[in-house]
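Work through the exercises below with the sequence and the structure at hand. Each task is followed by a worked solution.

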Amino acid sequence: MKDEAIIKVENLGKIFRVNQGWAISKQEKKDIVALDAINFKINKGEFVALLGPNGAGKSTLIKILIGVLAYNAGKVEVMGIEPLNNREKIIGRLGIVFGQRSRMWHDLPVSDSFELTKKLYGNSNKEWEEWLIENIGVQDLLGRQVKKLSLGEKMRCELVNTLLYNPDLIFLDEPTIGLDVVSKQRIREALMILHKQGKTILLTSHDTGDIEKLCQRVMVINHGKLAIDLTMEKFMKLNDDMEIRVKLKNKLITLPKIKLEMNLVSDYEVVVTVKRKVLTETMKVIFDNFEVADLDFSAERVEKILMDLYKNEG
Ligand SMILES: Nc1ncnc2c1ncn2[C@@H]1O[C@H](COP(=O)(O)OP(=O)(O)O)[C@@H](O)[C@H]1O
Ligand SMILES: [Mg+2]
């Protein structure tokens, strides 16, 4: 079971043909290469991050995988099935949340959408439903009209709505976009549990906190190409620099003569840049040489790696 591929993509290519400029009468067409010779496999139970700058091709890839968008080249298999021409065979086994789009009925109470979803996709189970409602925390929202929910409440309901039929493979495109920290945390916790239950999850998010806390594998798409496909551990090693902000008890006139890469950012603050693997030794040097009032560690590791990557690839 363990190495069973749930998604297989070979040499996938997608070109959008669009009108050039706004003079439709001229009918000049331009090709946008949205995906270019993409290859990867995702096994059952993996939790994969799909990252990349705006316009990289992430949503295009997800749309192809769920069978709502045609492609121009290559092979795609989802749970052993070609999705585009067999959408009805797989749709009931896919969980889909697009952060900016809703699959619920705007004017109806949340519970009506849930009932409809269960009718459409079947496969529901009372115990599972209760578990979802409790763990994603939507008990108090069931009677509320969808359009009157806050963003965070709505997203939690979307998640329950798509998980009701207990899909094996879950696609999440920006599920925490615009959410406050509490809503975000609830969604993250639910995703962690789903992963432990053996679900396969593909997550696109601009929130690098989501990625770092949840995913074991990182795929980065840039300009339609798969630029990186690594385990989280290896991905993190792409940048092992760390910044330590040292706040000082006393005003500092000059930096001590020690072998550390550091900057005096104010009279009372020094920023030390250090490799993670020598963090412990460095802490000792810092305490030996400074009157430390407070410390702060940079936490934007994933962001730094991505920034370097996007810069280098133009
Ligand atoms: N329906 C469409 N028609 C024309 N071009 C599109 C369409 N959808 C996406 N594109 C283009 O394809 C590229 C990839 O878009 P998309 O997959 O939405 O990127 P991402 O989700 O990574 O931000 C972009 O250049 C975008 O403008
Ligand atoms: Mg997108």
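**Exercise 1.** Find the nonpolar surface patch that contains Trp105, and place Trp105 in the chain.

Solution. The model is a predicted one. Step 1: Trp105 forms a nonpolar patch on the surface together with Leu108 and Leu116. Step 2: the accessible area of these three residues together is about 270 Å². Step 3: Trp105 lies in the loop between strand 5 (94–98) and helix 3 (110–121).

**Exercise 2.** Work out the strand order of the open sheet that contains strand 12, and name its edge strands.

Solution. Step 1: strand 10 (residues 241–248) pairs with strand 12 through 7 bridges, in the antiparallel sense. Among the residue pairs, Ile244 is the bridge partner of Val272, and Met242 is the partner of Val274. Step 2: strand 11 (residues 261–266) is antiparallel to strand 12, with 5 bridges between them. Here Met262 has Val272 as its bridge partner. A hairpin of 2 residues connects strand 11 to strand 12. Step 3: the open sheet has 4 strands in the order 11-12-10-13, with antiparallel pairing. Its edge strands are strand 11 and strand 13 (292–297), each of which pairs on one side only. From one strand to the next, the twist averages 25°.

**Exercise 3.** Decide whether strand 12 is largely enclosed or largely open, counting its buried residues.

Solution. Step 1: take as buried a residue with under 20% relative accessible area. Step 2: strand 12 covers residues 269–275, and 5 of its 7 residues are buried. Step 3: strand 12 is therefore largely enclosed by the rest of the structure.

Definitions and conventions:
Residues numbered from 1 in each chain as written. Chains lettered and ligands numbered in written order. Predicted model: local features only at pLDDT ≥ 70, side-chain atom pairs only at ≥ 80, totals over all residues. Heavy atoms only, no water. Buried < 20%, exposed > 50% of the residue type's maximum accessible area, 1.4 Å probe, protein only. Pairing = 2+ DSSP bridges. Patch = residues over 30% accessible without salt bridge, like charges linked within 9 Å, V, L, I, M, F, W, Y side chains within 5 Å. Areas by Shrake-Rupley, 256 points an atom, 1.4 Å probe, with all protein chains shown as cover. Salt bridge = Lys/Arg side-chain N within 4 Å of Asp/Glu carboxyl O. Axes fitted to C-alpha atoms, helices over the stretch in contact; angles between N-to-C directions.
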